[in-house]
Every structure is written in structure tokens, then in C-alpha cells.
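User: I would like to go through this structure by question and answer, with the reasoning set out before each result.

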Amino acid sequence: MMRPGAMRAFMVKEIRHILRDRQTLTILLLLPLAMVVLFGYALRSDVKDVRIAFVDPMPDDATGAIRNRFAGSARFQVVDVVPTVAAVEPLFRRGAADVALVFEPDLAGRLSRGSPAQLLLIGDVSDPNTGTTIQAYASAILADYQRDLSTARSGMRIEMRTRMRYNPTLESVNLFVPGLIALVLTLVSALMTAISLSKEKERGTLEVLLVSPLRPWQIILGKVLPYLLLAFVNVVTALLAAWAVFQVPFRGSLALLLVASMLYSMVSLALGVLVAAITTSQRAAMIGAMAGTMLPNELLSGMIFPIASLPDWLQWVTIVIPARWYIVISRGIMLKGAGIEHLWSEMLVLVAMLAGFLLLAVRSFSSRLD
Amino acid sequence: MSNAIEVQELTRKFGSFTAVNAITFTVGSGEVFGFLGANGAGKTTAIRMLTGLLAPTSGEAQVAGFDVFTQAEEVKRKIGYMSQRFSLYGDLTVRENIALYGGIYGLDDGEIRERSEAMLGHLGLRDSGDDLVASLPLGWKQKLAFSVALVHQPAVVFLDEPTGGVDPVTRRQFWEMIYAAAADGTTVFVTTHYMDEAEYCDRVSIMVDGRIGAMGTPAELKAEFKVGTLDELFVRLARPAGNATVAGGGG
């Protein structure tokens with residue numbers, strides 16, 4: 001028989017546990033903020049010290065003047081001047097340069113004749129934010145130079161080309177935020193439930209609950225729902241932080257993203273319950289949750305290392321990693337504005353995982369009694 | 001219903017080890033029944049079966065008129081349970097703990113409020129109702145845990161070594177509470193290691209190696225085995241079982 005009163009009493013207790021542990025709650029609430037900001041800044045290449053190389057096939061007054069202006073700027077650090085585009089390749093490959101500015105031959109001549117001149121900025125910028133910033137700085141320096149030449153007639157166009165083939169793991173904040181949300185949700189959902197449930201087990205209070213009319217599934221649900229609420233708050237915080245601090249674009253449906261995030265949270269919660277059910281102490285549960293959910297979700301989800309760059313067998317392993325699917329969904333919604341019609345298969349995978357883990361969790365939870 | 005607990009040939013095996021070996025006994029309504037035995041004799045296993053935490057290998061048991069194994073949900077609503085380990089939540093207040101267990105056992109808000117106040121009055125905790133349970137002295141905690149186990153007025157209450165680590169004065173008070181509960185018609189099924197406490201019981205059974213080695217009122221047992229105290233009887237019965245206890249382990 002359903003006992004709404006019993007469930008309510010149990011859930012009130014869980015919420016009190018969470019609210020009363022102020023330190024943990026503070027950490028959990030600030031975590032998404034701290035993670036987005038820290039990861040975001042750490043993963044941005046610093047636009048203060050952009051290492052620039054020049055491709056100057058025919059040095060003249062104009063190229064010399066422009067080079068000097070870049071050298072004088074605090075934003076740029078000139079690493080080399082080479083005669084051909086081919087010669088910058090090794091610099092990029094070694095990671096010695098971030099961008100290269102390519103001059104046309106006879107730049108001074110063109111400028112004096114008033115014919116348009118083109119400069120090409122090649123960037124090792126897989127991070128579009130940084131790329132845009134670098135381009136803006138470079139444009140400003142060139143605009144300055146142009147003004148001083150007072151040859152307003154001549155159009156000097158800078159064309160920006162980005163190259164993704166270098167340093168592909170240097171992902172942008174944009175690509176990273178969905179992964180971060182997954183990480184925070186894993187932490188709050190899997191780790192916290194595992195700890196909370198195994199604490200009851202260790203202290204012996206779980207036994208008393210099991211003797212009571214509460215059913216195992218009610219205990220699990222009562223444990224899980226408050227954390228689902230916390231996870232929801234975390235998703236919103238992370239999104240707000242990403243938007244406010246890094247102007248991460250948000251192209252798709254917020255509702256769909258929230259639904260997907262809650263679905264992913266539930267998968268993690270079920271995993272947390274499963275971990276708590278098969279471990280016998282809080283410590284073991286914590287390590288189990290870390291090793292069993294945090295690490296794989298971080299390393300094998302495509303969040304940090306692209307799945308395509310993993311060995312074949314590890315690529316197969318990623319199929320059972322919930323975060324892998326969630327990250328596809330959240331990146332799709334946030335960055336591409338994809339709708340449910342594109343993401344339903346990934347959503348279905350998560351639903352199937354939820355059902356599977358939940359079944360295992362309730363079963364291992366009940367069988368503990370025998 | 002004349003008997004609160006009826007057990008027939010109840011057996012539980014763990015692999016080749018028989019923790020509880022075909023025990024049979026009854027406990028009358030309102031009785032204080034002492035369930036004694038050395039560590040590993042099978043007491044905890046038996047209690048876990050009677051409270052529905054563990055399935056038996058064979059045998060039958062009825063608690064409060066319901067079959068423990070086929071009517072587990074009905075049984076759960078009729079019993080109270082206080083485990084060896086402290087079963088209240090330290091980070092909740094006294095009132096919150098009472099409300100939690102009251103709610104779990106289906107009391108409505110009015111009943112919870114009413115019984116909380118009555119309980120706090122009885123325990124002399126009226127001023128500490130909003131204190132965290134963690135801040136109470138151990139003796140108070142145990143008395144509170146017992147009262148909370150009775151909050152839904154169960155027909156039978158199972159107490160698994162309720163007075164472990166408690167000072168003699170509090171133990172005495174605790175037993176007064178047990179008598180009061182029995183006088184109200186609650187059947188008390190209690191395990192203990194203190195033989196002076198066993199003397200307070202209406203009847204006791206002593207488990208030895210998964211079997212019931214002796215059962216009766218304290219006076220009957222002392223006469224039957226010609227001993228001065230239950231302590232002597234306990235030691236005499238438990239001693240031959242010494243090696244089995246070591247080998248047996250998890251009872």
C-alpha cells in the first residue's frame with residue numbers, strides 16, 4: 001500500500017540532513033560556479049601573451065613598422081620572423097607560436113600605390129572565443145598603423161582563418177560547459193547519494209527503516225528526490241555562470257536541456273544507490289562512487305578527450321558511460337540548437353540505462369537483507 | 001489472539017552453518033520476554049527473522065497474529081524495533097526524530113504533535129525538544145530511542161541489547177519504561193548480556209549454538225538447574241558452546 005505520509009516524513013528528514021550540513025551544502029552549491037569559472041579560465045589560452053610569428057617574404061618599411069607595433073604591444077610576443085608560410089608549420093607543431101601574421105610581398109609598395117592589401121592571420125585557435133579576441137587585438141594594432149599612415153583610402157583587410165587541427169584537446173569553454181555540468185551532476189547525484197545511503201547502512205539506521213513499513217523503493221526514492229532538486233539548482237547555476245562569465249551561447253531549448261539533465265541526474269542517482277548497496281562502508285562507497293562514476297564520466301565521456309582519439313576497445317567501453325550520451329545531448333542543444341528530433345536516440349539510451357541501473361539497485365538493495 | 005509471538009521449528013542456515021536450529025517458542029501478549037545467549041549463539045539472526053529483515057531457511061513464525069514471511073507488511077506495521085546501534089538521527093532534533101518515525105508509521109500530524117508532547121513530558125525532555133539528538137547524553141538518547149520505537153503503539157517491540165554502554169541508574173530507569181510499556185499491553189522481546197536484567201523478565205530463553213538451551217521464568221530456571229542466579233546458569237550453558245562460538249561467528 002502506498003503511504004504518502006510515510007514518504008513525506010522520510011523526505012522531510014532527508015531535506016533536513018542536507019540543509020543541516022551547511023558545509024557540504026555550501027560546497028555543493030558553489031561547486032558548479034567554481035568549476036565553470038576555473039575550468040573556463042584554465043582552458044582559455046591567455047590573450048595577454050599571444051605568441052605571434054610573422055611570415056614576411058619581402059621585408060620592407062611597412063612590414064617592419066607593423067612588426068614593431070606588434071612587438072611593442074603588451075598583448076603580443078613576437079617569437080619569430082620567417083620567409084614562407086611553410087616555415088611557420090614547425091613553429092605551430094612545436095607549440096612555439098599561437099598565431100602567425102602573413103604579409104603580402106611588396107606591402108609598402110601596395111600601400112603607397114593605394115591598392116588594397118591583404119594580411120592573413122593564421123591561428124592555432126581551436127577556441128573560438130580566444131580566436132575572436134586575438135583577431136580584435138590584431139585588427140586594433142593594424143587600424144592604428146593605418147591611421148598613422150593617413151592613407152585612409154587604402155583598404156587593408158585582415159582575413160582570419162582558424163585551424164582546428166592543432167591542439168584539438170584545447171576545447172573552448174563552449175564545448176566544456178556541457179561536460180562540466182555532467183561532472184557536477186555526477187558528483188552531486190552519484191557521490192552524495194552513495195555517501196548518504198551508506199552512512200545509514202554504517203550507522204544501523206537503515207536496518208530500522210527496513211523494519212518499518214517503508215518499502216525499499218520508498219527509501220531509495222526518498223533519498224534520491226532531494227538530491228535531484230539540488231542537481232536541478234546546480235544545472236541552472238552552471239548555465240548562468242557559463243552565460244554570465246563566458247558568454248557561452250545557448251541556442252536550443254532550455255526546457256529540453258533541463259529534462260535531459262534531470263534524466264542524466266537520475267541515472268547517476270541510480271548508480272549511487274547501486275554503489276551504496278554493494279559496498280559496506282561509507283569509505284568504500286565514496287571510493288566506489290569516485291572510481292565507478294566520476295572517473296569514467298570524466299575521462300571516457302568525450303568531455304576532455306575526444307572519443308575518436310581513444311583506442312578502439314576504449315571507444316566500445318564509452319558506450320556504457322552515461323555522461324558520454326548526456327554530453328552529446330547537451331552540446332547538441334546548447335551549441336547547435338538541436339531539438340528532440342535529433343537527440344531522441346541518445347535520450348533513449350539514458351532512459352534504458354536508468355531503467356537498468358534502477359532495477360539493479362533495487363534488487364541488490366533488497367537482496368542485502370537475505 | 002493469545003500469543004504475541006509464535007515460532008515453530010524456525011531455522012536459518014548460512015551455507016553449511018546453522019545459525020538458528022529449529023527453535024520453537026511462544027511469547028504471550030504483554031509479556032516481557034528475555035532472549036538471552038552468548039555472542040554468536042543465534043540471537044541476532046532470530047531477531048532479524050522475526051522482524052522481517054531476514055528470510056528463514058525453514059519453519060514458521062507469527063508476530064502479532066500475522067505470518068512473518070507471507071504477511072510481512074502487516075507485521076511491520078504492528079512492531080517496533082530498537083537495534084543494537086543507536087537508531088535516531090543525531091543531526092535532527094528530538095521533535096524531528098519523533099515526527100520522522102511517527103510519520104513513517106502512518107500517524108497524522110495531530111497525533112504526532114500530541115504524542116511528541118506526551119513523550120517529552122514523560123522523559124523530562126520538554127526543554128530539550130528542539131535540541132539536536134547528538135547533544136543529548138547517551139542515557140537520554142537510549143530512553144528516547146525506546147520511546148520512539150513505541151511511538152506508533154506497536155503490539156510487539158523488539159529491543160536488541162538496548163542498554164549496552166548505559167550506566168546502572170539509567171538501566172534501571174530503562175527497565176521501568178519497559179515495565180510501563182508491558183503494563184500498557186505491549187509485548188516486549190528483549191535481548192541482553194546483563195543477567196541482572198534477565199532477572200527482570202517475565203520469562204527468558206537462553207540460546208546455545210542456535211538452539212534454545214533453557215526456557216522459563218527466572219525462578220523456574222534457577223530451581224530446575226539448581227543455581228543461585230541466572231548468571232551461573234548462563235555461564236554453565238554457554239561454556240560447552242565455547243568452541244562452536246569461535247567457529248560459528250556471525251550469529
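The turns below take up the interface, then the sheet, then the salt bridges of this predicted model.

User: How many residues of chain B are in contact with chain A, and about how much area do the two chains bury between them?

Analyst: Contact here means heavy atoms within 4.5 Å. On the side of chain A, 28 residues take part, and they are met by 30 residues of chain B. Of the area buried between the chains, 55% lies on carbon and sulfur atoms, and B:Leu53, B:Tyr89 and B:Ile104 lose the most in chain B, together 23% of what that side buries. The answer is therefore 30 residues of chain B, with a buried area, summed over both parts, of about 2600 Å².

User: How many salt bridges does the rule find across the interface of chain B and chain A?

Analyst: The rule asks for a side-chain nitrogen of Lys or Arg within 4 Å of a carboxyl oxygen of Asp or Glu. A:Glu207 and B:Arg48 form such a pair, with their closest N and O atoms 2.7 Å apart. Across this interface the number of salt bridges found is 5.

User: Which element gives the largest share of the side of chain B that touches chain A?

Analyst: Across the interface, 11 residue pairs are in polar contact. The elements of chain B that give two or more residues to this side are helix H2 (72–78), strand S6 (79–82) and helix H3 (94–104). The largest share amounts to 6 residues, and it comes from H3(B).

User: Which strands stand at the edges of the open sheet in chain B?

Analyst: The sheet has 4 strands in the order S2-S1-S4-S5, with antiparallel pairing. Within this sheet, S1 (residues 3–14) and S2 of chain B pair over 8 bridges, and B:Ile5 stands opposite B:Val27 in S2(B). Because each edge strand has a single partner, one side of it is left without a neighbour in the sheet, and the two strands in that position are S2 (17–28) and S5 (66–67) of chain B.

User: Which helix packs on the sheet, and about what angle does its direction make with that of S1(B)?

Analyst: The helix touches S1, S2 and strand S4 (58–63) of chain B. It is H1 (residues 43–50) of chain B, and the angle is about 120°.

User: How many residues apart in sequence are the parts that B:Glu31 and B:Arg203 tie together?

Analyst: The side chains of B:Glu31 and B:Arg203 meet in a salt bridge at 2.5 Å, N to O. B:Glu31 lies in the loop between S2 and strand S3 (32–37) of chain B, whereas B:Arg203 lies in strand S9 (residues 203–208) of chain B, so the parts tied together are separated in sequence by 172 residues.

Definitions and conventions:
Residues numbered from 1 in each chain as written. Chains lettered and ligands numbered in written order. Predicted model: local features only at pLDDT ≥ 70, side-chain atom pairs only at ≥ 80, totals over all residues. Heavy atoms only, no water. Buried area = accessible area lost by both parts, 1.4 Å probe. Polar contact = N/O pair within 3.5 Å; in protein donor to acceptor, adjacent residues only side chain to side chain. Pairing = 2+ DSSP bridges. Axes fitted to C-alpha atoms, helices over the stretch in contact; angles between N-to-C directions.
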